[in-house]
Amino acid sequence: MEQQPLVFLAIVLALSSYAHGLKIFDISSYGVGADKDITAALDKAWKEAIASPEPAKITIGPGEWILKQAHLEGPSKSPLELEVKGTIKALSDPTQLPNKEWEWVTVNYVNYFTLSGGGVFDGMGEQAWKTNDCHVNTKCAKLPINLSFNFINNSIIQDITTKDSKNFHSNCISSNNVTFLRYKVSAPHDSPNTDGLHIARNIGITILDAVIQTGDDCISMGDQMTDVMIKNVKCGPGHGISIGSMGKNIEEKDVSRITIQNCTFDNTANGVRIKTWPSAPATLTISDLNFLDLTMINASNPVIIDQQYCPWNLCSLDKPSSIQISKVKIQNVKGTSSTQDVVIFSCSTSKPCQDVQIGDIDLKFTGDPALGGATTKCQNVKYTFTGGAQNPPLCQRSSAPKPLPM
């Protein structure tokens, strides 16, 4: 699978149009007061920029700015760039969000959009984290995502940092040909539910040269994903890069052609993983997956396929997962693991994992030497070896499953 042209296509489409002129909308010219609150100014600048028949750029200069909330919608008449050079700060108290059903910054229904500038979106999440009980309370108060992109096409998010989001740092939903280039996430390892980037229902997503340090998944993928390239990503702290969880919604659609390549997992709770719910109605397929050239630095559970995913025991294990996982290539995974089972295939009894190719694995256990060396677990998986090192020897024992990490 070759995804690299998507990166260049997004860049070319987003930038080449500027050759015909560019109209600048400087946020400081919209009457920003001494309090540095740019909420009204950004709303006005956006509306004028999307109406421009010429390519437009909204600029937010160096310094610190306050933004209560922004809901930025298209369609735009021409390519549009939002350039942020300073630090934009949210209100720390989530109850002060003007519209509690919206995210903090939302960009919807635009084509040929660029977010750039090297700036920081600081969600000021510490106060919200202290009261977050969403993992055990299904009626918990909604917390806002820092940056939410929906229905955007041929667009690029580059040289932007999202910091201390109250919820997920970013999502990208129902979009086509979007590149995240040199995207950075910064949050403490214990910040709850702060996925670095969640993507779902997209075609053609490229994540390149990213650094993601957070308290939950570095990257998480939902259903209906096709043609995803994740390359040169540094993950940690965090929970790794995940496909799923899948299966709870009967309307979920297939996932295919996902490549995770040349990524590093540094002291993460997981490496790469696929997770599906047991006793759940969905019957989608997950196929054509490539986990290539990965480095683990004291990562827990470097490679996991977990079709018995059941966090906090909030589900039934009565029936196996009905999701078919197939055509998985795992090649050149090296480094160290803080857990003894460095490769886990916990596949469904009703839909065993098919056509799993694995080779050139060299993973060492860094825990108590008295436990022995690194081990693997293989259940309900049909695999072939593709050569190279196999350390530890793979799939030489099978045992009853034990609870896996969330």
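These notebook entries record what I looked up in the structure.

**Entry 1: the chain as a whole**

I began by noting that the model is a predicted one. I then looked up the secondary structure of the protein chain and found three helices and 32 strands. Next I asked how the radius of gyration compares with the globule rule for 406 residues. The radius of gyration is 22 Å, close to the 22 Å given by the rule, so the chain is as compact as a globular protein of that length. Along the principal axes, the C-alpha atoms fill a box of roughly 70 × 45 × 40 Å.

**Entry 2: burial, contacts and surface**

I looked up what share of the 406 residues count as buried, and the value is 55%. For contacts, I considered pairs of residues at least 6 apart in sequence; 76% of these contacts join residues at least 24 apart. The accessible surface of the protein chain comes to about 16500 Å². Carbon and sulfur atoms account for 52% of that surface.

**Entry 3: charges**

I looked up the charged side chains and recorded 35 positive and 39 negative ones. The centres of the two sets lie 2 Å apart.

**Entry 4: cis peptide bonds**

I turned to the backbone with a general point in mind: most peptide bonds are trans. Where do cis peptide bonds join a residue to Pro75 and to Pro392? One joins Gly74 and Pro75, with omega about 10 degrees. I placed Pro75 in the loop between strand S4 (70-73) and strand S5 (80-84). Another cis bond joins Asn391 and Pro392, and here omega is about 5 degrees. Pro392 lies in the segment after strand S32 (390-391).

**Entry 5: positive phi values**

Most residues other than glycine have a negative phi. I therefore noted Arg201, which is not a glycine, yet has a positive phi near 55 degrees. Arg201 sits in the loop between strand S15 (197-200) and strand S16 (203-208). Its relative accessible area is 39%, so I entered Arg201 as partly exposed.

I made a similar note for Ser279, which has a positive phi of about 50 degrees although it is not a glycine. Ser279 is found in the loop between strand S24 (272-276) and strand S25 (285-299). Is Ser279 buried or partly exposed? With 30% relative accessibility, Ser279 counts as partly exposed.

**Entry 6: aromatic pairs**

A pair of aromatic rings is described by the distance of the centres and the angle of the planes. I looked up the number of aromatic pairs, and the count is seven. One of them is formed by Phe149 and Phe180; the pair is edge-to-face, with 6.1 Å centre to centre and 70 degrees between the planes. Which parts of the chain does this pair tie together? Phe149 lies in strand S10 (residues 147-158) and Phe180 in strand S13 (residues 176-181), so the pair ties together parts that are 31 residues apart in sequence. Phe149 is buried at 1% relative accessibility, and Phe180 is buried at 0%.

Tyr383 and Phe385 form a tilted pair, with 5.4 Å centre to centre and 55 degrees between the planes. Tyr383 is partly exposed at 30% relative accessibility, and Phe385 is partly exposed at 43%.

My last entry concerns a cluster: ring pairs link Phe149, Phe180 and Tyr183.

Key: Residues numbered from 1 in each chain as written. Predicted model: local features only at pLDDT ≥ 70, side-chain atom pairs only at ≥ 80, totals over all residues. Heavy atoms only, no water. Helix = DSSP H or I, 4+ residues; strand = E, 2+ residues; numbered from the N terminus. Rg over C-alpha atoms; globule rule 2.2 N^0.38 Å. Buried < 20%, exposed > 50% of the residue type's maximum accessible area, 1.4 Å probe, protein only. Contact = heavy atoms within 4.5 Å. Areas by Shrake-Rupley, 256 points an atom, 1.4 Å probe, with all protein chains shown as cover. Lys, Arg positive; Asp, Glu negative; His and termini not counted. Charge placed at Lys NZ, Arg CZ, Asp CG, Glu CD. Phe/Tyr/Trp six-rings, centres within 6.5 Å; stacked < 30°, edge-to-face > 60°.
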